[in-house]
Amino acid sequence: MLKSSEHSDTKPFESLGYPVRADETRSAAVCRNENGEERVVIAARGYLLIVDPDNGSCRQLPFPDLCREYPFAAMSTRSGLFCTGAGMCLYVLDPFKSEYIARFEAPSGEEHAGFAFAEDERGTVYATTYPGSYLLGMDAAMQECRVIARLDSDRTYAMTLAAGSDGWIYAGLGTSSPAVAAVHADSGEVKTITVNGNAAPGSAQVHRGQDGRVYARIPNSSHPSAALAENWYIIEDGQERPIPEASVSPSLYRGEGYRKVHQDLRNGRSLLSWELSEMRISIQHADGTRSEIPLHHEGNAAELSPIFAGPDGNLYGTSNHPLHFYRFEPGRRRTMNYGPDMIQKGGGGNIAAYASQGSKIIGAAYAGGLIHVIDTSRDWEGVRQPASLGTDMVSPSLRNPRLIYADNRVHRPRCAVSLNDGMHVLYGGFPGYGAVGGGLGIVNVEEESVTMLGHEQVIPGQSTVSLTVLPGGGVIGGTSIETPGGGQTSAKEAVLYAWDWASRSVTGTWVPIAGAREISGLCSGQGGDVYGITSDSILFRFDVKQGKVVSLYDLSPWGSVVRNGMMESSRNGMPIVIGLLSRTLFMITAGSDEPVRIAALPEPATCGLARIGNDIYYGAGAELWRFHWKEEV
């Protein structure tokens, strides 16, 4: 039986509001009907924004089922309809009537629908899904959507799609290795097109050129020349033929990744940008002049990433998609949102893990394993540069925060910890797309330099996602066997490991919970004990000296794990561990085993966890919450 000492009501809880109100700019398309009328449609989290480029009018439409997931791609059809997907659903919009005309669901087990779109000569619209890599065909007029084929069983990302005039549909696949799937639209036959030497992680890309033909770019990792490593092909009747890059007809899409626009405006006008956070569309005209259309819409509050109590007594954090950097000042009871440009190369990422030495906070960010130094002893207001300038004009010596390092071996950071020497920080996380096993980074905070150890030097084939430091200075790490970037793992269960600072090497490994896929959180206890929690909400106390688990509790009735959901603290002079699950705040008195529930949460937590004085902070979606914890008398 789990113990509870929770408060009788939610008065100790206080919502501190929404630190960031902004939407990430993602996919858009120009829709044109048979009368020549045009609409620009922008896909955002939870809604579509319809813009008339001639008079500037805007109309915001929430997804019909109030879905709050992010869209990944969009397309306009020949008849002027707009297609996109969010979560498990595909949506078809008539932007000239401002109404949805179809909604379809992806096959059971899929997480996202609409990773890519294409339309064939007959007007059938095709879309891909994740992670099953299904090809769907839909007919909005007939209200039909069917599975055409499964593109691949191992390559989970199908992020580009093109329909040929030959009756074949082509998908660019990745990320464990690049390939093109060719699917015959009528028979469902699937051919996989690869090139020699492309076994390394990567993705192929396909597009229908402005000349109506289908082109593919398939990376060849074995080619000795980097300049020639991207091989171009023309594909017809399910067969590829190499061609020089100069012969490739441009795509009707412009942009990269999830930030693309399909088609351009008539009369030689180009859509340069469609910035939801800056509330404007920028258009370049045929004569080279530019104009802007202000956007009028009710945006979202952006969801929050893990938070951190800085050495200056303030709370720091970022939002997810887009990344805005903010600070909450408890003494003034105010939140300062420093916007999207304060963190270099922030874009659609987030700072996911923090640790500090002295006045400096080290923040490890997605995407790309970016390491930022935030010096809380210095002011940083006034050093921002507008994103529209395209370059960062601030001197590196003056910038604060500042980017000091990037390494794809920790593409998705998950944890960071300060070492007892007062100079170094360790951080870990998942690798880049298609890779297996994340690295372990060592930051020299004084020198602002980083040394990266590959997963082969730590736990081969696994990623470090939790870290803690024992009182004597020894480091304990927890791993995950997950591969969120699409890699194919061979590991069976997560491990704990002991890491020695002097030799920079692993000195011991254990499997604390058989079959556990991830040890999501770790905290030091007393002596040689550590407390850990798995991704299934199994809490355990592990005796490092004996190398065994000494207690085990299933906390799943209290909720699911959240990022940065465990921290060391104290209560009435006694060392404790504070834990946060999606529905519960709990504690463990160091040296004991049994967790005690402090309180049930008024809103489900999505990220944690920081303490400043007697206040405990966490994020619930886009909302920042505080729990005031009175000292016991």
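Buried means under 20% relative accessible area, exposed means over 50%, and partly exposed covers what lies in between. Keep that scale in mind as you look through these close-ups of a predicted model.

**Figure 1. R103 and E105 meet in a salt bridge.** In this view, the side chains of E105 and R103 come together, with 3.2 Å from N to O. How accessible is R103? Its relative accessible area is 36%, and because this value falls between 20% and 50%, R103 counts as partly exposed. The pair is part of a bigger story, as the structure holds 30 salt bridges.

**Figure 2. R26 and E24 form a buried salt bridge.** Here the side chains of R26 and E24 meet, and the N to O distance is 3.1 Å. Are these two residues buried or exposed? Both R26 and E24 are buried.

**Figure 3. D264 and R254 join distant parts of the chain.** The closest N and O atoms of this salt bridge, formed by D264 with R254, are 2.9 Å apart. The two partners sit 10 residues apart: R254 belongs to strand β23 (residues 253–256), while D264 lies in the loop between β24 (259–262) and β25 (270–275). D264 has a relative accessible area of 24%, so it is partly exposed. R254 is partly exposed too, with a relative accessible area of 31%.

**Figure 4. Five charged residues share a network.** Which residues does this network of salt bridges link? Look for R32, E38, D54, R266 and R269.

**Figure 5. F308 and Y354 are a stacked pair of rings.** To describe a pair of aromatic rings, we give the distance of the centres and the angle of the planes. The structure has 19 aromatic pairs. In the pair shown here, the rings of F308 and Y354 have centres 5.6 Å apart and planes at 15°. Why is the pair called stacked? Planes under 30 degrees apart count as stacked, so the angle of 15° settles the matter. This pair also links distant parts of the chain, with F308 in strand β28 (residues 308–309) and Y354 in strand β32 (residues 350–357), 46 residues apart. Both F308 and Y354 are buried.

**Figure 6. Aromatic rings gather into a cluster, and charges sit over rings.** Ring pairs connect F72, F115, Y130, Y157, Y258 and Y433 into a cluster. One of these residues, Y433, has a further partner: the charged end of R412 sits over the Y433 ring, 5.1 Å from its centre. Elsewhere, try finding R571, whose charged end sits over the ring of W629 at 4.0 Å from the ring centre.

**Figure 7. E110 is a buried charged residue without a salt bridge.** You will find E110 in the loop between β10 (99–105) and β11 (112–119). Its relative accessible area is 6%, so E110 is buried. Which side chain of opposite charge is nearest to E110? That is R150, 6.3 Å away; because a salt bridge needs the atoms to be within 4 Å, this pair does not form one. E110 does have polar partners, though. Its side chain makes a polar contact with the side chain of T129 at 2.6 Å, and the E110 side chain also reaches the backbone nitrogen of Y130 at 3.4 Å. Leaving aside neighbours within four places in sequence, the residues in contact with E110 include M88, P131 and Y134.

Definitions and conventions:
Residues numbered from 1 in each chain as written. Predicted model: local features only at pLDDT ≥ 70, side-chain atom pairs only at ≥ 80, totals over all residues. Heavy atoms only, no water. Buried < 20%, exposed > 50% of the residue type's maximum accessible area, 1.4 Å probe, protein only. Helix = DSSP H or I, 4+ residues; strand = E, 2+ residues; numbered from the N terminus. Phe/Tyr/Trp six-rings, centres within 6.5 Å; stacked < 30°, edge-to-face > 60°. Lys NZ or Arg CZ within 6 Å of the ring centre and 35° of its normal. Contact = heavy atoms within 4.5 Å. Polar contact = N/O pair within 3.5 Å; in protein donor to acceptor, adjacent residues only side chain to side chain. Lys, Arg positive; Asp, Glu negative; His and termini not counted.
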